[in-house]
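Biologist: I'm new to reading protein structures, and I'd like to learn how to do it step by step. Can we walk through one together?

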Amino acid sequence: MRVASVAGNGRPLSLQPLGAEVGVAYGPPMSTGPGPEDRWECGSCGTPYDPDEGDPDGGIPPGTRFEDIPDDWYCPVCGASKSEFVRIED
Ligand SMILES: [Zn+2]
């Protein structure tokens, strides 16, 4: 008698791709934009630094983040150095 060979290629049919692109719609959180948490204030006179306004008189164009201000910048009101500014946290 003959032994019937197993037909087919032996691949199970239980794992069918359903066309669902898993992981594609899951992007990494890229929320590193300017936010309201970027507020600084002069520790000497209390003058706030607004990144939206910058300090045009001091050579800081509007939209400059405090971290991007040169270290030789100083408070336009009292002349305190940048290092004397403190970060304001809500
Ligand atoms: Zn000041």
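Biologist: Let's begin with the strands: how many bridges join strand 1 to strand 2, and do they run parallel or antiparallel?

Modeller: Strand 1, residues 39-42, is joined to strand 2 by two bridges, and the two run antiparallel. Keep in mind that this is a predicted model. One bridge pair to look for is tryptophan 40 with tyrosine 49 in strand 2.

Biologist: What lies between strand 1 and strand 2?

Modeller: Five residues, and the two strands form a hairpin. In the turn, glycine 46 has a positive phi of about 85°.

Biologist: Now the whole chain. What pattern does the chain follow along the sequence?

Modeller: Reading along, you get β-β-β. There are three strands and zero helices.

Biologist: In what order do the three strands sit in the sheet?

Modeller: The order in the sheet is 2-1-3, the sheet is open, and the pairing is antiparallel. Strand 2 (48-49) and strand 3 (85-88) are the edge strands, each pairing on one side only. Strand 1 pairs with strand 3 over four bridges, again in the antiparallel sense. Within that pairing, look for arginine 39, which stands opposite isoleucine 88 in strand 3.

Biologist: Which way do the side chains of strand 1 point?

Modeller: Here's the general idea: in a regular strand, side chains alternate between the two faces of the sheet. In strand 1, Trp40 and Cys42 point to one face and are buried. Arg39 and Glu41 point to the other face and are not buried.

Biologist: Which residues make up the largest nonpolar core?

Modeller: The general idea first: in soluble globular proteins, nonpolar side chains tend to be buried together. In this chain the largest nonpolar core has ten residues: Trp40, Cys42, Tyr49, Ile60, Phe66, Ile69, Trp73, Cys75, Ala80 and Phe85. Try following phenylalanine 66: leaving aside neighbours within four places in sequence, it is in contact with Trp40, Tyr49, Trp73, Lys82 and Phe85.

Biologist: What share of the chain counts as buried?

Modeller: Of its 90 residues, 19% do. The chain exposes about 7600 Å², and carbon and sulfur atoms supply 54% of that area.

Biologist: Lysine 82 was in that contact list. Is lysine 82 buried or exposed?

Modeller: Lysine 82 has a relative accessible area of 11%, so it is buried, given that the cut-off is under 20%. You'll find lysine 82 in the loop between strand 2 and strand 3. Not counting residues up to four places away in sequence, lysine 82 touches Phe66, Glu67, Ile69, Pro70, Asp71, Trp73 and Tyr74.

Biologist: What about threonine 64: where is it found?

Modeller: Threonine 64 is also in the loop between strand 2 and strand 3. Its relative accessibility is 13%, so threonine 64 counts as buried. Beyond neighbours within four places in sequence, threonine 64 is in contact with Tyr49, Pro51 and Ile69. Threonine 64 and glutamate 53 are eleven residues apart in sequence, with their C-alpha atoms 8.0 Å apart in space.

Biologist: On to the metal. Which residues are the protein donors of the zinc ion?

Modeller: Cys42, Cys45, Cys75 and Cys78, each through its SG atom, lying 2.3 Å from the zinc ion. Along the chain, these donors follow the spacing C-x2-C-x29-C-x2-C.

Biologist: Why is the arrangement around the zinc ion tetrahedral?

Modeller: Because the four donor atoms subtend angles of 106 to 113°. To count as tetrahedral, all angles must lie between 85 and 135 degrees.

Biologist: Is cysteine 42 buried or exposed?

Modeller: Cysteine 42 has 2% relative accessibility, so it counts as buried. Cysteine 45, with a relative accessible area of 35%, is partly exposed. Cysteine 42 sits in strand 1. Not counting residues up to four places away in sequence, cysteine 42 touches Thr47, Cys75, Cys78, Ala80, Glu84 and Phe85. The C-alpha atoms of cysteine 42 and lysine 82 are separated by 8.1 Å, though these residues are 40 apart along the chain.

Technical notes
Residues numbered from 1 in each chain as written. Predicted model: local features only at pLDDT ≥ 70, side-chain atom pairs only at ≥ 80, totals over all residues. Heavy atoms only, no water. Buried < 20%, exposed > 50% of the residue type's maximum accessible area, 1.4 Å probe, protein only. Areas by Shrake-Rupley, 256 points an atom, 1.4 Å probe, with all protein chains shown as cover. Donors = N, O, S within 2.8 Å, 3.2 Å for Na, K, Ca; no water. Tetrahedral: all angles 85-135°; square planar, octahedral: opposite > 155°, others 65-115°. Core = buried A, V, L, I, M, F, W, Y, C linked by side-chain atoms within 4.5 Å. Contact = heavy atoms within 4.5 Å. Pairing = 2+ DSSP bridges.
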